[in-house]
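Please load the model in a viewer and keep the selection panel at hand. The tour proceeds by selections, each followed by a description of what is found there.

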Amino acid sequence: MTNHKTIYTKKRRLKKSVIIISGIVLLTIATYSTISLSSSILAWNDKKTPPKDIPNKDIPNDVVEQPTPNDQWNDPVTDDYFKDALFIGDSRTQGFIIYTGLETNAYVSTGLTVDTALTKDIGFDQYGHATTLEEGLKQNQYQKIYIMLGINELGWIYPNIFIEHYQTLIETIQSLEPQADIYVQSILPVTQEKSNNSIYNNDKINTYNDLIKKMATSLNITYLNVREIMENENHVLPEEATSDGIHLTQSYCQKWLEYLKTHTLKEK
Amino acid sequence: MKTKLLIITLLLLSLVLSGCNQKNVEIDTEQLLEELQEQLPFADQLSPIKENMIYHLYPIDSKNVMSITVLTSSGATAEEIAIIQTSDVEEAKKAIDQRIETKRNDFANYLPKEVEKLKDPVIVTKGNYVILCISDDSEKARTIIEKY
């Protein structure tokens with residue numbers, strides 16, 4: 001009986017020991033995991049990891065043709081020149097902003113048109129609220145405003161409707177930003193193939209650009225003929241300039257930027 | 001009885017503490033971006049967006065962001081990749097949903113065929129990372145992201 005009691009007691013002790021050791025092992029593993037988590041939290045608190053620069057794989061600047069001296073108004077300004085600028089445009093301008101990496105301001109949206117530019121919800125403000133161009137103009141002051149619209153309106157039947165809306169848009173911008181130099185840019189051409197097969201037609205683009213140029217004169221704003229820096233001898237967009245006949249590659253966006261840098265009113 | 005209670009308590013404690021470790025995920029962003037661009041059939045060249053512009057497109061409080069990288073198309077397609085490391089995963093997910101909704105509205109009238117890509121965008125949460133990939137091959141995108 002005593003032996004049985006002794007054996008039973010020993011077994012109980014052994015069982016307890018096994019449980020305690022297993023518990024210690026499991027707790028050790030779990031504690032190690034928690035320490036690793038705490039370290040990463042402390043590291044975040046100390047310093048935010050800045051985003052890594054992702055190298056662009058596109059063609060470097062040496063293929064960008066510089067404008068000839070008699071084409072430009074001034075020596076190129078630096079990127080900083082555009083820090084107090086605002087760009088208004090559709091997806092082509094969106095591509096320009098992204099591919100040039102300019103530190104600037106932009107109200108750009110795929111499909112933006114002259115009749116929706118002021119009131120369409122574009123982007124978000126610092127509080128995560130959707131904003132419109134009109135709200136942005138009321139809240140901020142810009143020294144230069146660059147506008148390029150028109151490619152999405154090529155399907156409109158009446159060109160005069162297009163230019164009436166464009167004029168209304170610019171007059172509103174002028175009233176909200178009287179201090180700003182306003183540049184309205186020519187609509188860039190499309191490739192010959194695109195022009196042959198869609199509503200994105202170079203003849204219509206040329207008609208719209210004539211109207212835009214006259215509008216600029218009547219409103220006393222600057223017309224920038226950006227297309228001249230990128231069209232070929234046939235006055236169409238070269239195939240190498242675009243991924244789909246309309247939107248520019250990174251190197252052609254750099255050409256666009258170089259044109260803007262050498263055509264500034266203040267430096268003229 | 002006491003022994004069983006002790007075992008259960010220890011097991012539960014271990015599970016809870018080990019579970020916390022799921023948040024301790026580190027993703028090699030550069031490698032993931034490279035692999036996605038190499039393996040997926042993107043129609044357009046994707047380029048990175050400057051951080052100030054990212055917050056214009058994704059409504060996220062920058063104070064919550066540890067790192068953020070967005071690669072997007074020239075405008076010719078709806079393709080995009082976003083990798084957000086954040087202390088507020090729910091905010092990042094909501095911002096991604098809003099970004100996708102904006103793209104759906106933009107492309108619906110402009111390039112309806114691009115809306116197909118936006119029907120099944122890949123959104124994966126791993127620890128405190130939220131990853132978005134809009135491409136023509138959602139299945140492959142998801143497989144690649146899940147490896148990290």
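Select Ser91(A) first. In this predicted model, Ser91(A) counts as buried because its relative accessibility is 1%, where buried means under 20% relative accessible area. Ser91(A) is found in helix H2 of chain A, which comprises residues 91-100.

Display the side chains around Ser91(A) next. What does the side chain of Ser91(A) make a polar contact with? The partner is the side chain of His247(A), at 2.8 Å. Leaving aside residues up to four places away in sequence, Ser91(A) touches Ser109(A), Thr110(A) and His247(A) in chain A, together with Ser74(B), Gly75(B) and Tyr110(B) in chain B.

Follow that list across to Ser74(B). Ser74(B) lies in a loop of chain B, between strand S2 (65-72) and strand S3 (80-86). Is Ser74(B) buried or exposed? Ser74(B) is buried, because its relative accessible area is 2%, against a cut-off of under 20%.

With Ser74(B) still selected, show the residues that it touches. Not counting residues up to four places away in sequence, those in chain A are Ser91(A), Gly95(A), Tyr99(A), Ser243(A), His247(A) and Leu248(A); those in chain B are Asp44(B) and Gln45(B). The side chain of Ser74(B) makes a polar contact with the side chain of Asp44(B) at 2.6 Å, and the side chain of Ser74(B) also reaches the backbone nitrogen of Ala76(B) at 3.4 Å. Add Leu46(B) to the selection: Ser74(B) and Leu46(B) are separated by 28 residues in sequence, while their C-alpha atoms are 7.0 Å apart.

Now colour chain B by secondary structure. Chain B has five helices and five strands, and from the N terminus on its elements run α-α-β-α-β-β-α-β-β-α. Of its 148 residues, 51% are buried. Among the contacts in chain B with a separation of 6 or more, 60% are between residues 24 or more positions apart. A surface representation of chain B would show an accessible surface of about 7,000 Å², with 52% belonging to carbon and sulfur atoms.

Return to chain A and select its strands. Five strands form an open sheet in the order S2-S1-S3-S4-S5, and the pairing is parallel. At the edges are strand S2 (105-108) and strand S5 (222-224) of chain A, each pairing on one side only. On average, neighbouring strands of this sheet are turned by 20 degrees against each other, direction ignored.

Focus on strand S1 (residues 85-89) of chain A, which four bridges join to S2(A) in a parallel arrangement. Within this pair, Leu86(A) stands opposite Asn105(A) in S2(A). Add helix H4 (residues 159-176) of chain A, which packs on the sheet and touches S1, strand S3 (144-148) and strand S4 (181-185) of chain A. The direction of H4(A) makes about 170 degrees with that of S3(A). Then add helix H6 (residues 202-219) of chain A, which also packs on the sheet, touching S4 and S5 of chain A; the direction of H6(A) makes about 150 degrees with that of S5(A).

Finally, colour chain A by pLDDT. The average is 81, and 74% of the residues score at least 70. Over residues 33-70 of chain A, the pLDDT is below 50, although this stretch has 47 contacts in the model beyond near neighbours in sequence. Where pLDDT is low, predicted coordinates should not be read in detail.

Key. Residues numbered from 1 in each chain as written. Chains lettered and ligands numbered in written order. Predicted model: local features only at pLDDT ≥ 70, side-chain atom pairs only at ≥ 80, totals over all residues. Heavy atoms only, no water. pLDDT = per-residue confidence, 0-100. Contact = heavy atoms within 4.5 Å. Pairing = 2+ DSSP bridges. Helix = DSSP H or I, 4+ residues; strand = E, 2+ residues; numbered from the N terminus. Axes fitted to C-alpha atoms, helices over the stretch in contact; angles between N-to-C directions. Buried < 20%, exposed > 50% of the residue type's maximum accessible area, 1.4 Å probe, protein only. Areas by Shrake-Rupley, 256 points an atom, 1.4 Å probe, with all protein chains shown as cover. Polar contact = N/O pair within 3.5 Å; in protein donor to acceptor, adjacent residues only side chain to side chain.
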